[in-house]
Amino acid sequence: MSGKELREFFEEHLVPSKLYKIGGHHKNRICLEQEKQGDWVVYFSDKKDRVGLMHFASEEEACSRMKDEVRKLMELMYGLTWAAVPIA
């Protein structure tokens, strides 16, 4: 899954855009971005701090983790989410 596909998934599943930022950072959101070295990172942006910074070698791995983190946040904040799909 690419960042574009992840954004489309979030839109289809009515995930509020105030929860995430794909391709950059925005305060108080879960963010996905590619660093200058080529690594992909997922983190929560708290003002200027990157909290819970996770590094990934591929965009696909980073998108998968971000999807899971946003799902957890949706469940915590709103009490609803999409169904987790087991990987075959």
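Helices (H or I, at least four residues) and strands (E, at least two) are DSSP runs, numbered from the N terminus. The structure is a predicted model, in which local features need pLDDT of at least 70 and side-chain atom pairs count only at pLDDT 80 or more, whereas totals for chains, interfaces and linings use all residues. Residues are numbered from 1 along each chain as its sequence is written, and side-chain values use heavy atoms, with hydrogens and water left out.

**Exercise 1. The nonpolar core**

Task: Determine which residues of the largest nonpolar core touch the most other members, and which element gives the largest share of this core.

Solution. Step one is to fix the term: a nonpolar core is a set of buried Ala, Val, Leu, Ile, Met, Phe, Trp, Tyr and Cys residues joined through side-chain atoms within 4.5 Å. Buried here means under 20% relative accessible area, while exposed means over 50% and partly exposed lies in between (1.4 Å probe, protein chains only).

Step two is to look for the members that touch the most others; among the 19 residues of the largest core, these are F10, V15, L32, V42, M66 and V70. Step three is to ask which elements contribute two or more residues, and these are the helices α1 (3–12) and α2 (59–78) together with the strands β1 (20–22), β2 (29–34), β3 (40–46) and β4 (49–56). Of these, α2 provides the largest share, namely five residues.

Step four is to follow one member outward, taking contact to mean heavy atoms within 4.5 Å. Once neighbours within four places in sequence are set aside, V70 is in contact with F10, V15, Y20, I30 and W82.

**Exercise 2. A salt bridge between two strands**

Task: State which elements are linked by the salt bridge of E33 and R50, and decide for E33 whether the residue is buried or exposed.

Solution. A salt bridge is a side-chain nitrogen of Lys or Arg within 4 Å of a carboxyl oxygen of Asp or Glu, and by this rule the count comes to seven. One of them joins the side chains of E33 and R50, with an N to O distance of 4.0 Å. This pair connects distant parts of the chain, since E33 sits in strand β2 and R50 in strand β4, 17 residues apart. E33 is classed as buried because its relative accessible area is 16%, whereas R50, at 37%, is partly exposed.

**Exercise 3. R71 and its partners in α2**

Task: Find which acidic residues pair with R71 in salt bridges, and which network these bridges belong to.

Solution. Begin with R71, which is found in helix α2 and counts as buried because its relative accessibility is 18%. Its side chain meets that of D68 in a salt bridge at 2.9 Å, N to O, and the two residues lie three apart in α2, about one turn of the helix. D68 has 27% relative accessibility and is therefore partly exposed. Away from its sequence neighbours (those within four places), R71 is in contact with T81 and W82.

Turn next to E75, which forms a salt bridge with R71, the closest N and O atoms being 3.8 Å apart. Both residues are in α2, four residues apart, again about one turn of the helix. E75 is partly exposed, with 44% relative accessibility. Salt bridges with shared partners bring R65, D68, E69, R71, K72 and E75 together in one network.

**Exercise 4. The surroundings of S45**

Task: Establish whether S45 is buried or exposed, and which backbone oxygen its side chain reaches.

Solution. S45 has its place in strand β3, and it is buried because its relative accessible area is 2%. Leaving out residues up to four places away in sequence, S45 touches H25, H26, K27, N28, R29 and C31. Its side chain reaches the backbone oxygen of H26 at 3.5 Å. S45 and G24, 21 residues apart in sequence, are 10 Å apart in space, C-alpha to C-alpha.

**Exercise 5. An exposed loop residue**

Task: Locate K47 relative to the strands, and say how many ångströms separate its C-alpha atom from that of E5.

Solution. K47 lies in the loop between β3 and β4, and it counts as exposed because its relative accessibility is 65%. The C-alpha atoms of K47 and E5 are separated by 27 Å, the two residues being 42 apart along the chain.

Methods
A polar contact is a pair of N or O atoms within 3.5 Å; within protein, one must be able to donate a hydrogen and the other to accept it, and residues adjacent in sequence count only if both atoms are side-chain atoms.
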